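Here is a short set of exercises to work through with a model at hand. Try each task before reading its solution.

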Amino acid sequence: RSHASSAREVNLWAVPSCRLIVKLIDSPVVNAFSDGSHIVVTSGLLAFVRSPDELAWVLAHEIGHHALEHSGRAKLQDVLNRFLTATVGEVPQKLVQIESERQADQFGAHLLVRAGFDLQKARSFLERVQTYRSRVTTAEFARSHPSDQERLAALDRIVHEIQERGERTSPVP
């Protein structure tokens with residue numbers, strides 16, 4: 001495989017109001033993010049995932065950020081926080097972002113099930129991410145995201161809730 005730089009763009013859209021472009025960037029960092037019009041996935045993340053179900057979990061989480069309009073709210077929150085910091089001093093700004101991550105996880109879990117992917121694979125992915133992050137997590141990430149233990153517990157509650165309604169959390173073999 002050549003290390004020459006190449007860009008790939010994959011367009012995924014089924015509903016005009018939910019148009020998103022998925023971009024792959026060459027980076028060893030295990031990450032993905034949504035800016036409101038793009039989902040960016042790193043080559044490091046693609047090397048890290050072990051199944052299409054795990055990749056679907058990541059994309060469903062990022063689609064959740066888009067569908068719930070977190071990017072627009074984050075920009076507005078940032079402007080408000082800058083104003084408040086300039087006028088009254090530092091303000092705690094990460095609580096809104098942590099709640100956005102929780103909401104994206106919940107949205108993503110339900111989307112994953114409705115799309116026919118295995119939600120149990122999301123749990124194994126998050127467990128591996130927990131181990132990975134313990135080696136590389138920055139303080140900024142820790143302040144802006146729920147803890148991995150909290151995300152796993154929330155995912156377990158979502159799985160239980162979905163199963164209580166009689167829905168399957170994994171595809172029929």
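The exercises below go from the overall fold to one helix, then to charged pairs and the nonpolar core.

A note before you start: this is a predicted model, in which local features need pLDDT of at least 70 and side-chain atom pairs count only at pLDDT 80 or more, while totals for chains, interfaces and linings use all residues. Residues are numbered from 1 along each chain as its sequence is written, and side-chain values use heavy atoms, with hydrogens and water left out.

**Exercise 1. Describe the overall make-up of the protein.**

Step 1: take the secondary structure from DSSP runs, with helices (H or I) of at least four residues and strands (E) of at least two, numbered from the N terminus. This gives seven helices and four strands, in the order β-β-β-β-α-α-α-α-α-α-α along the sequence.

Step 2: look at burial, where buried means under 20% relative accessible area, exposed over 50%, and partly exposed in between (1.4 Å probe, protein chains only). Of the 173 residues, 36% are buried.

Step 3: consider contacts, meaning heavy atoms within 4.5 Å. Among contacts between residues at least 6 apart in sequence, 59% join residues at least 24 apart.

**Exercise 2. Check the length of helix 2 and work out how covered it is.**

Step 1: the expected span is 1.5 Å times one less than the number of residues. Helix 2 (residues 52–67) has 16 residues and should therefore span 22 Å; its end C-alpha atoms are 21 Å apart, which agrees.

Step 2: twelve of the 16 residues of helix 2 are buried, so to speak the helix is mostly covered. Among them are Trp57, Val58 and Leu59, along with the charged-type names Asp53 and Glu54.

Step 3: move just past the end of helix 2, where glutamate 69 has a positive phi of about 55 degrees.

**Exercise 3. Trace the salt bridges made by arginine 102.**

Step 1: recall that side chains of opposite charge can pair when their charged atoms come close. Here a salt bridge is a side-chain nitrogen of Lys or Arg within 4 Å of a carboxyl oxygen of Asp or Glu, and the whole structure has seven.

Step 2: arginine 102 pairs with glutamate 99, with the closest N and O atoms 3.2 Å apart. Both residues lie in helix 4 (residues 94–114), three residues apart, about one turn of the helix.

Step 3: arginine 102 also forms a salt bridge with glutamate 150, at 2.4 Å from N to O. This pair links distant parts of the chain, since glutamate 150 sits in helix 7 (residues 148–164), 48 residues from arginine 102.

Step 4: put the pieces together, and Glu99, Arg102 and Glu150 form a network of salt bridges. Arginine 102 counts as partly exposed because its relative accessibility is 34%; glutamate 150, at 29%, is partly exposed too.

**Exercise 4. Find the centre of the largest nonpolar core.**

Step 1: a nonpolar core is a set of buried Ala, Val, Leu, Ile, Met, Phe, Trp, Tyr and Cys residues joined through side-chain atoms within 4.5 Å. The largest has 28 residues, and those touching the most other members are Val41, Leu45, Trp57, Leu112, Leu119, Phe125 and Leu155.

Step 2: ask which element gives the largest share of this core; helix 5 does, with six residues.

Step 3: follow leucine 45, which, leaving aside neighbours within four places in sequence, is in contact with Val29, Val30, Asn31, Ala32, Leu55, Val58 and Phe125.
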